[in-house]
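Work through the exercises below with the structure in view. Try each task before you read its solution.

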Amino acid sequence: MKVNELVQKLELEVLCEGESFFSDIDGCFAGDLLSLAMSNVRAGNVWITVQTNMNILGIASLTEASCTIVANGMNIPDAVIEKAKDENICLLRSEKGMYELCLSVGELI
Amino acid sequence: MNSFKVQYTIDGEDFSVAGEASRKLKKVLQSLGVDPQIIRKATVAMYEGEINMVIHADGGVIDAEITPEKIHLFLRDKGPGIPDIALAMTEGFSTASDNVRELGFGAGMGLPNMEKYTDYMNIITEIGVGTTIEMIVNTSLS
Ligand SMILES: Nc1ncnc2c1ncn2[C@@H]1O[C@H](COP(=O)(O)OP(=O)(O)OP(=O)(O)O)[C@@H](O)[C@H]1O
Ligand SMILES: [Mg+2]
């Protein structure tokens, strides 16, 4: 499944398509501790988190996550969205919580 | 591939650009055609070290030397130093402030990750003077 297909199926809000919007998804990791995410998010993974600060972009780009989904409709600072656009990082958001998101992503990918 | 040297200055004030040096190193390694698995190991280790320099030590300097055999990283800061290295290396140990924890740091996994993802790691530290961390990731697939 590709990121854009996941977006449609889960009705995710697209804050920035980034360069991986039409690429394949391979696996998923959910978690908010950045050093855990750093060592566990694999290239192509969906990363689900409730963190919204600038540092999520560093993790997303260094791990080559296919997309980052911010759960629970958390407020994301404008500067972070702007930076995602500058860096071409796929940033998505959902009103659903992590558990629900994980279940849905698990069923779909 | 000849040997390649690069230096990054790490700003200890600006959280929003933390990780920038690791991203730059990653681009350098990619352009040199280094194996993606090796790049991952080196960038995870460097990122953790870079973030530690920002949140625990007020910034510093990172020197990277890339040869056909290895990626050699030197992280130098003039921060407070690490009183007990063995304790700091323990998974889950962290002195991160509440502010920093709110940002998702402070799992106490950075140093253990650095050791896990590198082939060699050595910490030299002096209280009140600073910390130097040397890390090597072998690139030759032996
Ligand atoms: N460069 C440094 N200067 C001074 N102290 C450091 C430095 N790097 C690490 N430390 C100390 O070692 C502890 C453990 O570091 P480690 O990177 O494992 O965890 P953390 O940074 O607290 O959390 P995490 O990396 O999981 O976000 C830190 O909390 C800090 O007390
Ligand atoms: Mg750390």
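**Exercise 1. Place ligand 1 and find the residues around it.**

Solution. The model is a predicted one. Step one: locate the ligand. Ligand 1 sits between chains A and B.

Step two: list the surroundings. There are 21 residues around ligand 1. Those that come nearest are S35(A), H56(B), S94(B), T95(B) and G106(B).

Step three: look for polar atoms close to the oxygen atoms of ligand 1. A polar side-chain atom of H56(B) is 2.8 Å from one oxygen atom of the ligand. L111(B) brings a polar backbone atom to 2.9 Å from a ligand oxygen. G110(B) places a backbone N or O atom 3.1 Å from an oxygen atom of ligand 1.

Step four: check the cover. Ligand 1 taken alone exposes 600 Å². The protein buries 96% of that area.

**Exercise 2. Describe the build of chain B, from its elements to its surface.**

Solution. Count the elements. Chain B has 5 helices and 5 strands. Read from the N terminus, their order is β-α-α-β-β-α-α-α-β-β.

Next, test compactness. The radius of gyration of chain B is 15 Å. The globule rule gives 14 Å for 142 residues. The two values are close, so chain B is as compact as a globular protein of that length. Its C-alpha trace spans about 45 × 30 × 25 Å along the principal axes.

Now look inside. Of the 142 residues in chain B, 52% are buried. Take the contacts between residues at least 6 apart in sequence: 63% of them join residues at least 24 apart.

Finish at the surface. Chain B exposes about 7,000 Å². Carbon and sulfur atoms supply 51% of that.

**Exercise 3. Find the largest nonpolar core and the residues with the most contacts inside it.**

Solution. The largest nonpolar core has 62 residues. W47(A), L91(A) and Y8(B) have the most contacts inside this core. Which helix gives the most to it? Helix α2 of chain B, residues 36-57, does so with 11 residues.

A second core of 16 residues is separate. Its members include L6(A), L12(A), F21(A) and V46(A).

Go back to L91(A) and set aside residues up to four places away in sequence. The residues L91(A) touches include V14(A), C16(A), I56(A), V70(A), I76(A) and A84(A).

**Exercise 4. Decide whether helix α3 of chain A is enclosed or open, then follow T63(A).**

Solution. Begin with the helix. In α3(A), 9 of the 9 residues are buried, so the helix is largely enclosed by the rest of the structure. Among the buried residues are N55(A), I56(A), S61(A) and L62(A). E64(A) follows α3(A) and has a positive phi, near 60 degrees.

T63(A) belongs to this helix. Is T63(A) buried or exposed? Its relative accessible area is 2%, and the cut-off for buried is under 20%, so T63(A) is buried.

Then trace its partners. The T63(A) side chain reaches the backbone oxygen of I59(A) at 2.7 Å. Beyond its neighbours within four places in sequence, T63(A) is in contact with A37(A), M38(A), V41(A), R42(A), A43(A) and R40(B).

**Exercise 5. Work out the setting of two loop residues, T52(A) and D24(A).**

Solution. Take T52(A). This residue lies in the loop between β3 (46-49) and α3 (55-63) of chain A. Its relative accessibility is 14%, so T52(A) counts as buried. A polar side-chain atom of T52(A) is 3.4 Å from the backbone oxygen of N75(A). With residues up to four places away left out, T52(A) touches V70(A), M74(A), N75(A), I76(A), P77(A) and V80(A).

Now take D24(A). Its loop runs between β1 (13-16) and β2 (28-30) of chain A. Which side chain makes a polar contact with the side chain of D24(A)? That of K2(A) does, at 2.9 Å. Leaving out residues up to four places away in sequence, D24(A) touches M1(A), K2(A), G44(A) and S66(A).

Last step: compare sequence and space. D24(A) and V41(A) are 17 residues apart in sequence. Their C-alpha atoms are 15 Å apart.

Terms used: Residues are numbered from 1 along each chain as its sequence is written. Chains are lettered from A and ligands numbered from 1 in the order in which they are written. This is a predicted model: local features need pLDDT of at least 70, side-chain atom pairs count only at pLDDT 80 or more; totals for chains, interfaces and linings use all residues. Side-chain values use heavy atoms; hydrogens and water are left out. A nonpolar core is a set of buried Ala, Val, Leu, Ile, Met, Phe, Trp, Tyr and Cys residues joined through side-chain atoms within 4.5 Å. Buried means under 20% relative accessible area, exposed over 50%, partly exposed in between (1.4 Å probe, protein chains only). Helices (H or I, at least four residues) and strands (E, at least two) are DSSP runs, numbered from the N terminus. Contact means heavy atoms within 4.5 Å. A residue is near a molecule or strand if one of its heavy atoms lies within 4 Å of it. A polar contact is a pair of N or O atoms within 3.5 Å; within protein, one must be able to donate a hydrogen and the other to accept it, and residues adjacent in sequence count only if both atoms are side-chain atoms. Accessible areas come from the Shrake-Rupley method with a 1.4 Å probe; for residues, only the protein chains shown count as cover. The radius of gyration is taken over C-alpha atoms; the globule rule is 2.2 Å times the number of residues to the power 0.38.
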